[in-house]
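Here's a quick bench-side briefing on one protein model. Have the sequence and the 3D view open while you read.

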Amino acid sequence: MEKFLYLLLFLHPFILPASGCVGVGSGCLRNGLIFGGRLMVSGNTGMSFGNLPNVNGDRVFIFQTPPGMRNFLRPSAGRGQIWIGRSNCAGTVPGHCPSTETPPCLDASPPCEPNCNNPEVCPFVLNVDEKSVLTFTWERPTCVPENEALTYSYLFWMDGNTETGTTTETRKIFQSFYSDSKYFFEVNVTTSRGSFSNYTSKASPAYADNTPLTFLDVTASGVTVTWPVWNAGSDKGLGPIAEYIIQYRLKGASEFARISKGLAYQHRFEGLISGATYEFQVIIVKSSPSEEGDPSAIQEVQISCPAPTGASLSLSTDYRPSDKSVGIYASWSVGPSSFCAAGLDQTLTVQLLNRDSCDASPNQMTFDQIIMGGDVRDYTLRYTPPVIPNSLYRVTITIGNTLGTAFDTQTIQTAESVPTLPPVLLDTPVTLQPPQITFNWNEPPCGGRNGEITDYEYVYRVWGEGSTQPVEMTGVAPDSVVTLNYTADSRYTFSVRAQTANGAGGTDTFAVIDPPRYKDDTPLTFYDVTSSSISVSWPAWDESVGFGQGPVVDYILQYRLQTSGSDFMEVNKGSDLSHQVTNVVAGGLYEFRIKLVKSGPQVEGPPSSVQQSIACEGIGDLIPQLGSSRLHPGNTSLDVNWVIPTSACQVINQILIIRQLDEDRCYYDGENEKMTSLAAHHRNHLFTGMKPNTEYNVTLQMQTGSKWFSVSEKIRTAETEPTGTPLNMMEKRRVGKITFWWDPPNCGERNGVVYYHYYMIRNGELEEGDTGRKRVKTIMGLNEGDSYSFKVQAYTKAGTGSYNTELKDTFSLG
C-alpha cells in the first residue's frame, strides 16, 4: 500500500498534461487535477504490488503508459493500469484487461467512453443581455480542442412564439424584446468530448397573486398551509410543473427549511413553538428542463398560545409635589411568557372603594378599565383616570387569550396630597363683638381634603377709613375658629385654607369680602342710541386691574330718567355684558350706573359713577367757524364758534382740541396741544395767549346719545408788532459809500410778515426810510472823515418793533 501511494504522488505530474482534458471513464483529468475518483497504479515485471486494497465495487481502466514513464514504472510491455474509483460506468466490452496479465485487474466491467460533459470539469457558459434586443452569448466547452469545428443548435421561445435553428457562432440575437416579455432559450452542441447543453429562462413559473398561501387550523403547536394549483392561463411563467416546495422559518431566522411536496398543495406543520411567528414561502418547480421559480412573498402566521396562568399583581403609591398629584404604580407577571406575551389581552380594572377616607356610599364609587397590549407588564395611574388622594382603590389585572384567563386583585390606600377644596363657612361665619371678630368654618368637603387636615392658614386684611392699602395679618389656626381684633369703620377681608402634612392647597374661603368694582369708575359705553331705545355695554371685571375681590357672578345695571326723580330701576344680567333699554322717552336724558356682585358669600359692590345718555338720533353736520384777534404784542386770541343744525338736547359732551403746527411761519417740531371740555349747551370758545402768525389745527369733538362726532379746521392767528429786533448788523465801506445788512428777528419774535425801516444821522443830519422786506441798505456820498450812526427797526402790518443796536463811526477807508 505504501508503494502504491508513493507511485501515485510520484507519477501524478507526468501522467496528467499541463492543459487540456483527458477523458477516462466518466471522470476527467484536467490542468493537473484529478476528477472522477481515486488514482492508483499497478504494473507487471519488476514491480511488487502486494495485495490490492478493497475497492468497494470501483472500476478498473487500462491506459498506455507514455514512453517517458518507462524508467519509473519499469513495465516489460511499457504499459500500466490506472484505477479511477466511482466512475459509474456501465456496459460490457470484452478483453479490457491484457491477456498476458493476470489480475490485479480487479473488475471485469468495461471502461467508460471518453466524455467531458461535466460542468465542474468543462463548463459550458451561457449569458444573456436584456436591452432593446435580446442577446444570448456562450463559450466553447473548455475541454474541446480549439481546432474542432462546432455547430450549435438552439431553441428560443418568447411570449408564445417558438424558433429553432443552428449556428456556428457563439451568439444569437432576437429583436422586439420588451422588458415584461417571457422567454426561454436552450443551446446544445455535440463534440468529440461529449454533448453539452445549457439554458436560461425568464419564464419560470410563479403565481399571479404573490401571496398565495392560506393558513388553516392554527393550534399551539402547528398549522396547515395550503396553496393553489398553478394555472398556465392565469398565473405567470411556463410549465409543466414538476413539484411544489414549501419553505418556512422562525421569524428573525436567516435560513429557510425546505419541504418538497411533489404536486400536493398543502402541508401540515407540527412541533412549532407556541406563540412564535413563522414565515412561509412556496416555490414552483417546472420540468423540461427543470427550473425553480422565485419564491412567493413571505407570509407569516402566529402559532396559538396556551391559556395564561399565575397572574401576580403588585401596587405602590406616591405623591408628586411638582403638580400635587397622586399616583398608583401597578406591576404584574404572568406565565407562560416568551412568544405568547404579546398576544395576550390585558385589562387593568380600577375601582374606587372609599373617597378621601370619608365616603363609602355605592353611588360615589368609580369603575375604570384600561386595555393595553399583551407585552406590557406595568402601568402608572395618575391622570387618566385621575387618582384621588387618600382614597382606597381595588385594582385587578385580567390577562387572557382564546384558551383561558388569569387574574389577580389587590387594594391600596393612596398617598395624601394637599386640599383642593376650601373650608366650608358656617351659616353664621362671623361673630362681631367689638373690639373682636370671630370667624368660624368647617373642614373642606369630602373629596377635597386629600388627607388628614392638620391646621388652617388664614389672612386677615383691614382697610382703615380713607386708606387705600390694607393692614395684613397672617396666621395658623389649629382648629376651625379664630378670633381677631376689629376696628370700627373699616373694611376687611378674611380668607382661610386647609393644610395637610404635604402643605396647604385649594382656594381660600372668604368670610368677608372687599366688594369688586371697576378701576375706571365710568365703565359704561352707549351705542345704537335712538329715540326709542338705548344700548349699553360694560367690560368683564378683571381682578388684576380692578378693585376688590372676585369672582364676579352677576352684573346689576341701574338706570332712570333724570327728570323723573324716581329710584333707579335694576336689571340682573348674570354674566352678560350688555343690555338694551327700550320704551324710553324720546329726547330724554337717562342716567346709568352698574354694580358688581361676587360669590362666596354673595356681596354687592358699590355702584359706579352715573353716566348719561340722551334718547336722540344723530346731530347732522358740524359747521365750525374760526377767528383770531390781536391782544398785545406777541399775543393773540383764537375764537371758535359752531352751530348744530338740529336740537341741542342731543349733545352730551363737547371737547375742543387745539394743536400748534408751526411757529411764526417757521418750522416747529414741538408738541403743543390743548384740550378743553365744554358743557353740552356751549357753541363757542375763546382761546387766549396764542402765538401770533402761527398755524393751529382746531378739532371739535361732540358726543351724543349714540356716538361721537368730530370735525377739524386749520387757522393762522393774527399778526402783532414784532417783539424782536433785527440781528447781526454788519457794514462794508467803499469809496464814497457804505453798505449795511442784517438778519431778521428771531423766529417767534417777528409776529407776522416783517418789513424794515432805517434811521441814519450823517454829520448831524437825519436820513430815514423803508427797505421793504430787503435786509440791506447802501448810503452814497460819504467823504473821508464824515461821522455817521445807523440803526434798523422791524415792523408788521400790526405795528412797529424796536430799533436794533446803533452803529456809530467815522467814515474812513484806512
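What follows covers the disulfides first and then one small sheet.

Keep in mind that this is a predicted model. Searching the whole structure turns up two disulfides. There's also an open sheet of three strands to look at, with antiparallel pairing.

**Disulfide Cys358–Cys446**

- Cys358 and Cys446 are joined by a disulfide, with an S to S distance of 1.9 Å.
- The Cys358–Cys446 link is right-handed, with 100 degrees about the S-S bond.
- This pair ties together distant parts of the chain, 88 residues apart. Cys358 sits in the loop between β24 (345-354) and β25 (367-372), while Cys446 sits in the loop between β30 (436-442) and β31 (455-463).
- Cys358 counts as partly exposed because its relative accessibility is 35%, and the partly exposed class lies between the 20% and 50% cut-offs.
- Cys446 has 29% relative accessibility, so Cys446 counts as partly exposed too.

**Disulfide Cys666–Cys747**

- The second bond to find is between Cys666 and Cys747, whose sulfur atoms are 1.7 Å apart.
- The link of Cys666 and Cys747 has 125 degrees about the S-S bond and is right-handed.
- Again, distant parts of the chain are linked, here 81 residues apart. Look for Cys666 in the loop between β47 (651-660) and β48 (673-678), and for Cys747 in the loop between β53 and β54 (755-762).
- Is Cys666 buried or exposed? With 18% relative accessibility, Cys666 counts as buried, because buried means under 20%.
- Its partner Cys747 has a relative accessible area of 31%, so Cys747 is partly exposed.

**The three-stranded sheet**

- The strand order in this open sheet is β52-β53-β56.
- Which strands stand at the edges? They are β52 (727-734) and β56 (776-780); each has a single partner strand, so one side of each has no neighbour in the sheet.
- On average, neighbouring strands of this sheet are turned by 15 degrees against each other, ignoring direction.
- β52 pairs with β53 (residues 737-743) in the antiparallel sense, over six bridges.
- If you want a spot to zoom in on, Arg734 stands opposite Lys737 in β53.

**Where the topics meet**

- β53 shows up twice: β53 is part of the sheet order β52-β53-β56, and the loop between β53 and β54 holds Cys747.
- Cys747 in turn forms the disulfide with Cys666, which lies in the loop between β47 and β48.

Definitions and conventions:
Residues numbered from 1 in each chain as written. Predicted model: local features only at pLDDT ≥ 70, side-chain atom pairs only at ≥ 80, totals over all residues. Heavy atoms only, no water. Pairing = 2+ DSSP bridges. Helix = DSSP H or I, 4+ residues; strand = E, 2+ residues; numbered from the N terminus. Axes fitted to C-alpha atoms, helices over the stretch in contact; angles between N-to-C directions. Disulfide = S-S within 2.5 Å. Buried < 20%, exposed > 50% of the residue type's maximum accessible area, 1.4 Å probe, protein only.
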